[in-house]
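Colleague: Please take a close look at one part of this model for me. I would like to see how its strands pair, what packs around them and where the rings sit.

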Amino acid sequence: AAASGGGGTSYASGTSYASYDQYDDDDDDDGGPPAGGPNYTGYGGYGGYGGGYNSTGGYDPNGGYDAYSNSSSGFGNQGYGWGTQYQQPPAPVVDPTLCEQCFARPKHGTHKYCGRTCGVAAKNGVPPRQLPSSQITIQQPPSFPTPFGGRPVSWAEKKKLNDPVILEPCKIARCNRTEESGSGYCSAAHRRQGVKDGLDPACLYCKDMPRDGPKSLFCGTKCSQSATKAAPILLEVPTSDPLAGQFKTAWKHNNNPPKVAKVYKIILPQSLIDSYDTYKRNLESTGNFAGKGMEPANERRRWHGTRRMCKIGDDGKNLKFCNNSGCSVCLILKNSYDVKFAAVGMFGKGIYTSATSSKSDSYTRGVAPGSPYKAMFLNRVAVGKGKILTSADNSLRAAPAGFDSVIANPGSGLNYDELIVYDNNAIRTSWLLLYG
């Protein structure tokens, strides 16, 4: 980055370290603009990208500069970032046709000066005339783009961009080593320690190492693949997970939603994932929902309550599926949804879901024998083109012609929303919540 202060020689060359708001180690999607970016050679001596030390020796958090200063002292912060708005400062440009001594008359031919008087003055070391600000044009350099919408980017994303990354100190207190590979920790032992100390959430599968990103559930490919091979399985998630809050927010029947006791991520067999993805691709190819600003295949997340006849998940250790033919929870966990087992409802024989958790609660049939909890799934549903209905039609066995699903809005005989699909591949379980 360029040295701060007004004049002097620019130290600009190469590429800056391009951090993204406070070293960009939080990856929380709410960070500031880029701190660095490519350096632009030629803007000599005008402050770093943001903070640093100004020409008088004091710390200047705004990275200001003095267009008329002759000082070359002080240094910018080399693009490391301090959470403020960063922008290359403008450079003053003087009319190039004017004499470089008096800045009042045009140059004489190809000479630098307007005539003999100014030429002799310059030769004798007389300082050029100080220009008033009205005669200086400020040339704005190109503005820096804001990648990823201004949010901080992960280590993997930076590697993909081929950006240099500054290694941070290890997160463990009193450790004086730097992190390795952007993990936040200097070693595997300290990564484990970070989980024990609550510095990072644990991998859902091994429960030993921190997850490898803010949106990841696993510490790496090995655990992710191992979980899929073991599927279908339940992996416990802390009840502090945002899903518990979403359950409460979606509870509309009263102002006293029940407490979420357990949250589990459902790991599906690869065959079920593949068939759902194929169904989504087919919907998207005909409906072009992504091109209309929606999720591909108009995918939504919807709740589904059903009967639970065992105590699976009550203590986080009993996670084996039961063999009770009346336990809809375990049947769905083992085999996914099947329309042939669906009852005929207001909108025919289909798989019913809702954006309202308290609506889905009415389908749970109460708590399981010997358990204080009810069970509810949060699902991924490929809505496609939904037919909006406000009155019942229990004759339906498939979506109306030209549509992929039914969106039942409150109206005649219906107080809360419902979404109904009639194809087994249009829905997949994603999360299981126990509450009561």
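Modeller: Start with one pair: V237 stands opposite V263 in β4. The model is a predicted one, in which local features need pLDDT of at least 70, side-chain atom pairs count only at pLDDT 80 or more, and totals for chains, interfaces and linings use all residues. Residues are numbered from 1 along each chain as its sequence is written, and side-chain values use heavy atoms, with hydrogens and water left out.

Now the strands around that pair. Strands (E, at least two residues) and helices (H or I, at least four) are DSSP runs, numbered from the N terminus. Two strands pair if DSSP finds at least two bridges between them. Strand β3 (residues 233–237) and strand β4 (residues 260–267) run antiparallel, joined by 5 bridges. E236 has Y264 in β4 as its bridge partner. On to the next strand: β4 and β13 are also antiparallel, with 5 bridges between them. There V263 appears again, as its bridge partner in β13 is L433.

How covered are these strands? Buried means under 20% relative accessible area, exposed means over 50%, and partly exposed is in between (1.4 Å probe, protein chains only). In β3, 4 of the 5 residues are buried, so this strand is largely enclosed by the rest of the structure. β4 is mostly covered too, with 7 of its 8 residues buried.

Next, a helix. Helix α7 (residues 328–335) has S328, V329, C330, I332 and L333 as its buried residues. Their cover includes β3, β4 and β13, along with β5 (299–305) and β9 (374–382). After α7 comes S336, whose phi is positive, near 70°.

Then the nonpolar packing. A nonpolar core is a set of buried Ala, Val, Leu, Ile, Met, Phe, Trp, Tyr and Cys residues joined through side-chain atoms within 4.5 Å. The largest core has 31 residues, and L234, I266, L333, F377 and L432 touch the most other members. At least two residues of this core come from each of β4, α6 (270–287), α7, β9, β12 (418–421) and β13. Take L234 as an example. Contact means heavy atoms within 4.5 Å. Leaving aside residues up to four places away in sequence, L234 touches Y264, K265, I266, I312, L319, F321, L333 and L432. A separate core holds 24 residues, among them C203, L217, F218 and V237. In soluble globular proteins, nonpolar side chains tend to be buried together.

Which rings sit by β13? Two rings of Phe, Tyr or Trp (its six-membered ring) pair if their centres lie within 6.5 Å; planes under 30 degrees apart count as stacked, over 60 as edge-to-face and the rest as tilted. By this rule, there are 5 aromatic pairs. F247 and Y435 make a tilted pair, because their ring centres are 4.9 Å apart and their planes are at 50°. This pair links distant parts of the chain: F247 is in helix α5 (residues 242–249) and Y435 is in strand β13, 188 residues apart. Both partners are shielded. F247 is buried, at a relative accessible area of 0%. Y435 is buried as well, at 1%.

Y435 has another ring partner, W251. The W251 and Y435 centres are 6.4 Å apart and the planes are at 70°, so this pair is edge-to-face. W251 lies in the loop between α5 and β4, and Y435 in strand β13, so the pair ties together parts 184 residues apart in sequence. W251 is buried, with a relative accessible area of 11%. Together, F247, W251, W303 and Y435 form one aromatic cluster.

Last, a charge over a ring. This counts if NZ of Lys or CZ of Arg is within 6 Å of the ring centre and within 35 degrees of the ring normal. K265 meets it: its charged end sits over the ring of W431, 4.8 Å from the centre. K265 is also one of the residues that L234 touches.
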